[in-house]
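Let us look at a protein model together and ask how each description of it can be justified. Please have the sequence and the 3D view open as we go.

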Amino acid sequence: MNTHRTTTVTCPNCGRDNRIPVAARGRPKCGHCKRFLPWIVDAGDDDFAEIADNATQPVLVDLWATWCGPCRMVSPALEQVARDLAGRIKLVKVDVDKNPRVSLRFEVQAVPTLLVLDQGGTVARQAGAAPAHVLRSWVEQAIAGRQTTAGE
C-alpha cells in the first residue's frame, strides 16, 4: 500500500490544478476557490480497502476492463457524474483484469459493473453502461438515505 499517493485534479470552477491524496478522510476542496473537487482515482488489489472501503463519503466503483467497449463508453459519463456530485461521492476505477481479488470480492460476472459503497458495504449495484443523467440519478438514489457527519 502506498498511503501517500496523490492525483492531480483540475478544478472545474476556477481551472487550477490541485494535488489530492487518493486515500484520505473528508472531501477534497480546491486550494484556490475552495469549491469541492471531483475525486476520481484508480485502485487495485493492494490499495482498494484503503482508498474505497475506508472512505468517509459514498464511493462509486467502476469495475472495468481495457478490452471492453461499453467500459470505454461509460467512463466519460462516470467522470461527469463525479464532477456533478463533487463533494458527495468519490469515483474509484478498478481494472478487473489487473486486480483479480477485487473482482472476486464483488463477484464480477460482466463489465462494466458499477457499485455504490457506503463505509465499505455495497448499497447499489448494476451491470452495463448508461448515460450520465441515468447514472447520476441511480447514484443519488443510492446515497439518498445516508447521514453525513459534520467535519467530513
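Q: Which strands does helix 4 lie across, and at what angle does helix 4 run to strand 6?
A: In this predicted model, helix 4 lies across strand 4, strand 6 and strand 7, and helix 4 runs at about 30° to strand 6.

Q: What makes strand 6 and strand 7 a pair?
A: Two strands pair if at least two bridges are found between them. Six bridges join strand 6 to strand 7, so these two strands, which run antiparallel, count as a pair. One of the bridges can be named, since V116 has A124 in strand 7 as its bridge partner.

Q: Why are strand 3 and strand 7 said to stand at the edges of the sheet?
A: The open sheet is formed by five strands in the order 3-5-4-6-7, with mixed pairing. Strand 3 and strand 7 each have a single partner strand, and therefore one side of each is left without a neighbour in the sheet. Neighbouring strands of this sheet are turned by 20° against each other on average, direction ignored.

Q: How do you know that the length of helix 2 agrees with its number of residues?
A: At 1.5 Å a residue, the 16 residues of helix 2 should span 22 Å, and because its end C-alpha atoms are 24 Å apart, the two values agree. Helix 2 does have a kink of about 30° at S75, shortly before the proline P76.

Q: What covers the buried residues of helix 2?
A: The buried residues, among them C71, V74 and L78, have a cover that includes strand 3, strand 4, strand 5, strand 6 and helix 4.

Technical notes:
Residues are numbered from 1 along each chain as its sequence is written. This is a predicted model: local features need pLDDT of at least 70, side-chain atom pairs count only at pLDDT 80 or more; totals for chains, interfaces and linings use all residues. Side-chain values use heavy atoms; hydrogens and water are left out. Helices (H or I, at least four residues) and strands (E, at least two) are DSSP runs, numbered from the N terminus. The expected span of a helix is 1.5 Å times one less than its number of residues. The bend at a residue is the angle between axes fitted to the seven residues ending there and the seven starting there. Buried means under 20% relative accessible area, exposed over 50%, partly exposed in between (1.4 Å probe, protein chains only). Contact means heavy atoms within 4.5 Å. Axes are lines fitted to C-alpha atoms, for helices over the stretch in contact, and angles run from 0 to 180 degrees between N-to-C directions.
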